[in-house]
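Student: I have a structure to go through and I don't know where to start. Can we take it piece by piece?

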Amino acid sequence: MTTPADDGIAHALRNAGLDPDAPPALLLVSACLLGRPVRYDGRDKYTPLLLQRLAPWCRFTALCPEVGAGLGTPRPPIALYETSAGVRLQGCDDRQRDVTVAVRDQVQRVTNVHGALLKARSPSCGLGTAVLHQADGSHSLTDGAFSSALRAQHPLLPIADEVSLQQPARLQNFVLAVWRYRQGID
Ligand code: SF4
């Protein structure tokens, strides 16, 4: 499969010994990126241009780990906090509301996918971009509660966020990794 805007992906797949005319791989996608109004504020983070570029190579399956954890939409915001019990996902207004386990457990819903596209900066879905609030009031960046569980459960699964894939070379490498994962090459 070759389209005018395929970012050289067909060529890269062929060079890797993969058939670009094979059916698309299955990509887990943060539901808000697919346009589902599942954010805490009831809005979405639809990213149509990136999805269009991925669509020749991947079909999409949506998951929002916060909605899956039963948090509802809209919902009070949550954030990552460093605590004496480690990194916890807790309510910004009510630190007693700890949803770490419920959100991490959503990884059990992830089956038979060949890669994941997750929302940057989210305390659940972020990949090294989620703000971690330290006890002394400072901040650092880390994985979200769901994405860290996904990495632990599926260490070889190609995972990226929508910001990194704006770069054509990274997009191409990501699609290649997803297809190689499906072939069992990696
Ligand atoms: S938890 Fe993930 S999928 Fe759900 S709204 Fe936040 S970033 Fe999007």
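Tutor: One term before we start: two strands pair if DSSP finds at least two bridges between them. Also keep in mind that this is a predicted model.

Student: OK, so which residue is the bridge partner of Y81 in β6?

Tutor: The partner of Y81 in β6 is H133. Strand β3, residues 78–83, and strand β6, residues 130–133, are joined by two bridges and run parallel.

Student: What order do the strands take in the open sheet with mixed pairing?

Tutor: The order is β4-β3-β6-β7, four strands in an open sheet. Its edge strands are β4 (86–91) and β7 (139–142), and each of them pairs on one side only. From one strand to the next, the twist averages 40°.

Student: Let's step back. How many helices and strands are in the protein chain?

Tutor: The protein chain has six helices and eight strands. Starting at the N terminus, they run α-β-α-β-α-β-β-α-β-β-β-α-β-α. The radius of gyration is 17 Å and the globule rule gives 16 Å for 186 residues, which is close, so the chain is as compact as a globular protein of that length.

Student: And what does the C-alpha trace span along its principal axes?

Tutor: About 50 × 30 × 30 Å. Of the 186 residues, 39% count as buried. Among contacts with a separation of 6 or more, 63% are between residues 24 or more positions apart.

Student: Next, the open sheet with parallel pairing. What is its strand order?

Tutor: That one is β2-β1-β5-β8, again four strands. Here β2 and β8 are the edge strands, each pairing on one side only. Neighbouring strands are turned by 25° against each other on average, direction ignored. Helix α6, residues 168–183, packs on this sheet and touches β1, β2, β5 and β8, with its direction at about 125° to that of β1.

Student: How many bridges are there between β1 and β2?

Tutor: Six, in the parallel sense, with β2 covering residues 58–63. Two of the partnerships are S30 with L63 and L27 with F60. On the β5 side, β1 pairs over three bridges, also parallel, and there L27 has G115 as its bridge partner.

Student: Why is β1 described as largely enclosed?

Tutor: Five of the six residues of β1 are buried, so the rest of the structure largely encloses that strand.

Student: What about β5, which residues point which way?

Tutor: G115 and L117 point one way, A116 and L118 the other, and all of these are buried. In general, side chains in a regular strand alternate between the two faces of the sheet. On to β8: three bridges join it to β5, and the two strands run parallel. One of the facing pairs is L117 opposite A160.

Student: Switching to helices. Which residues of α5 are buried?

Tutor: In α5, residues 145–153, the buried ones are A145, F146, S147, S148, A149 and L150. Their cover includes α3 (65–68), β3, β4, α4 (100–104), β5 and β8.

Student: Now some loops. Is L33 buried or exposed?

Tutor: L33 counts as buried because 24 C-beta neighbours lie inside 10 Å. Its place is the loop between β1 and α2. Leaving out residues up to four places away in sequence, L33 touches K45, Y46, T47, L117, K119 and E162.

Student: And Q108, buried or exposed?

Tutor: Q108 counts as exposed because it has 10 C-beta neighbours inside 10 Å. This residue is in the loop between α4 and β5. Q108 and Q153 are 45 residues apart along the chain, and their C-alpha atoms are separated by 8.8 Å.

Student: How far apart are L33 and E82?

Tutor: They are 49 residues apart in sequence and 27 Å apart in space, C-alpha to C-alpha.

Student: Last topic. Which residues surround the ligand?

Tutor: S30, A31, C32, V38, R39, C64, P65, E66, K119, S122, S124 and C125. That shell divides into six nonpolar, three polar and three charged residues. Two names should be familiar: S30 is the bridge partner of L63 in β2, and K119 is among the residues that L33 touches.

How values were computed. Residues numbered from 1 in each chain as written. Predicted model: local features only at pLDDT ≥ 70, side-chain atom pairs only at ≥ 80, totals over all residues. Near = placed C-beta within 6 Å. Nonpolar A, V, L, I, M, F, W, Y, C, P; charged D, E, K, R; others polar. Axes fitted to C-alpha atoms, helices over the stretch in contact; angles between N-to-C directions. Rg over C-alpha atoms; globule rule 2.2 N^0.38 Å. Buried ≥ 20, exposed ≤ 12 C-beta atoms within 10 Å, placed from the backbone. Contact = placed C-beta atoms within 7 Å.
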